[in-house]
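Here is a set of short exercises for you to try with a protein model on your screen. Have a go at each task before you read its solution.

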Amino acid sequence: MLRAVGLRAGGVLALLAIWWGVAATHLWSEVFVPSPGAVWHQLVQTSTTHDGQRGYGGHLLYEHLLASLRRILLGSLYGVVGGIVLGLVLGLVPTVRALLGPLVTFVRTLPPLAYFSLLIIWFGIDESPKIVLLFVAALPPVAVATADAVRGVHEDYVFAARSLGARRWQIPLRIVLPSILPEVITGVRVAVGVAYTTVVAAETVNGVPGIGGMIRDAQRYTQTDVVVLGLLTIGASGLLIDGLLQLAERRLAPWRGKS
């Protein structure tokens with residue numbers, strides 16, 4: 001564990017050194033490549049109140065982050081629950097798989113910005129279209145992972161459960177779902193990652209407070225250091241949440257990878 005932590009810390013330090021070196025050469029203007037010092041300055045500025053200005057756009061950095069995390073977690077939660085239910089149905093009922101399988105694939109291939117404008121027309125510019133966008137983005141990965149895993153469940157498990165008196169409605173919840181839990185968690189990790197990549201698109205309209213909204217607003221005024229700060233904030237929080245999901249996987253499915 002110490003070796004792994006040391007390697008990761010060394011990798012981060014190496015990237016910082018390369019970044020600092022490139023910025024110090026002044027080959028490009030700071031508008032294109034802001035220095036680590038400039039990004040650190042914006043971290044301090046956006047996290048405090050100074051000269052009567054509170055953070056960025058009237059909100060502190062942690063408030064932007066919490067607003068985005070709330071949208072991501074809500075959209076991901078709805079997408080995960082809906083994806084698991086849909087995936088179980090797709091995997092267990094061939095007729096439904098034939099009818100809805102192409103639709104799930106169609107939605108999965110659509111870029112978020114392609115239908116976000118339509119969601120704004122339907123739901124307005126408040127929180128609803130953002131949550132729905134993240135829900136639609138997160139649902140297909142979980143549904144596909146769950147459906148594929150269901151089709152891989154060994155028939156002996158199902159036959160054994162039926163011979164022991166399990167009812168038909170108990171099979172998906174007590175036999176199939178526990179058997180496919182590792183694959184489902186992998187789908188959840190992919191879904192949360194997709195939600196993170198979609199949050200900037202979700203916050204293009206009325207997205208402040210929000211990290212994505214902050215990035216979009218800073219981009220309009222070519223505040224590259226704020227843009228980089230927002231990207232680093234999203235990446236760091238994404239790493240933390242993915243680490244928590246991996247921990248949950250080890251707790252809930254400790255048998256994965258073991259014969």
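**Exercise 1. Find where threonine 222 sits, then describe its backbone and its exposure.**

Solution.
- Step 1: Locate the residue. Threonine 222 belongs to the loop between α10 and α11. Keep in mind that you are looking at a predicted model.
- Step 2: Check the backbone angle. Phi of threonine 222 is near 50 degrees, which is a positive value in a residue other than glycine.
- Step 3: Judge the exposure. The relative accessible area of threonine 222 is 55%, and exposed means over 50%, so threonine 222 is exposed.

**Exercise 2. Work out in which loop histidine 26 lies and whether it is buried or exposed.**

Solution.
- Step 1: Histidine 26 is placed in the loop between α1 and α2, where α2 covers 36-46.
- Step 2: The phi angle of histidine 26 is positive, about 60 degrees, although histidine 26 is not a glycine.
- Step 3: Histidine 26 counts as exposed because its relative accessibility is 58%.

**Exercise 3. Find the residues that form a nonpolar patch on the surface, and look at isoleucine 18 as an example.**

Solution.
- Step 1: Select Leu15, Ile18, Val22, Leu27, Trp28, Val31 and Phe32, which make up the patch.
- Step 2: Together these residues have about 780 Å² of accessible area.
- Step 3: Now pick out isoleucine 18, which is in helix α1, residues 2-25. Its relative accessibility is 55%, so isoleucine 18 counts as exposed.

**Exercise 4. Decide whether serine 76 is buried or exposed, and find what surrounds it.**

Solution.
- Step 1: Go to helix α3, residues 61-92, where you will find serine 76.
- Step 2: Buried means under 20% relative accessible area. Serine 76 has 4% relative accessibility, so it counts as buried.
- Step 3: Look at the side chain of serine 76. One of its polar atoms lies 2.7 Å from the backbone oxygen of isoleucine 72.
- Step 4: Set aside the neighbours within four places in sequence. Serine 76 is then in contact with Ala138, Val192 and Ala195.

**Exercise 5. Describe the surroundings of valine 205 and find how far it lies from glutamate 183.**

Solution.
- Step 1: Valine 205 is in the loop between α9 (181-202) and α10 (211-220).
- Step 2: With a relative accessible area of 27%, valine 205 is partly exposed.
- Step 3: Beyond its neighbours within four places in sequence, valine 205 is in contact with Phe116, Ile120, Ile125 and Lys130.
- Step 4: Take the C-alpha atoms of valine 205 and glutamate 183. They are 35 Å apart in space, while the two residues are 22 residues apart in sequence.

**Exercise 6. Find which salt bridges link distant parts of the chain, taking arginine 70 and arginine 189 as your starting points.**

Solution.
- Step 1: Begin with the total: the structure holds seven salt bridges. One of them joins the side chains of glutamate 63 and arginine 54, at 2.9 Å from N to O.
- Step 2: Turn to arginine 70, whose side chain meets that of glutamate 127 in a salt bridge of 3.4 Å, N to O. This pair links distant parts of the chain, with arginine 70 in helix α3 and glutamate 127 in helix α6 (residues 127-151), 57 residues apart.
- Step 3: Compare the exposure of the two partners. Arginine 70 is partly exposed at 46% relative accessibility, and glutamate 127 is partly exposed at 28%.
- Step 4: Move on to arginine 189, which forms a salt bridge with aspartate 242; their closest N and O atoms are 3.0 Å apart. Here too distant parts of the chain are linked: arginine 189 is in helix α9 and aspartate 242 in helix α11 (residues 224-252), 53 residues apart.
- Step 5: Arginine 189 counts as partly exposed at 27% relative accessibility, and aspartate 242 counts as partly exposed at 22%.
- Step 6: Finally, look for shared partners. Salt bridges of this kind join Arg70, Arg71, Glu127 and Glu203 into one network.

**Exercise 7. Find which residues the UniProt record annotates as "transmembrane region", and check the helix content of two of the spans.**

Solution.
- Step 1: The annotation, from an unreviewed UniProt entry, covers residues 72-93, 105-125, 131-150 and 226-248.
- Step 2: Residues 72-93 are 95% helix and 0% strand, with end C-alpha atoms 31 Å apart.
- Step 3: Residues 226-248 are 100% helix and 0% strand, and their end C-alpha atoms lie 33 Å apart.

Conventions. Residues numbered from 1 in each chain as written. Predicted model: local features only at pLDDT ≥ 70, side-chain atom pairs only at ≥ 80, totals over all residues. Heavy atoms only, no water. Helix = DSSP H or I, 4+ residues; strand = E, 2+ residues; numbered from the N terminus. Buried < 20%, exposed > 50% of the residue type's maximum accessible area, 1.4 Å probe, protein only. Polar contact = N/O pair within 3.5 Å; in protein donor to acceptor, adjacent residues only side chain to side chain. Contact = heavy atoms within 4.5 Å. Patch = residues over 30% accessible without salt bridge, like charges linked within 9 Å, V, L, I, M, F, W, Y side chains within 5 Å. Areas by Shrake-Rupley, 256 points an atom, 1.4 Å probe, with all protein chains shown as cover. Salt bridge = Lys/Arg side-chain N within 4 Å of Asp/Glu carboxyl O. UniProt positions renumbered as here; feature names shortened; annotations may be inferred.
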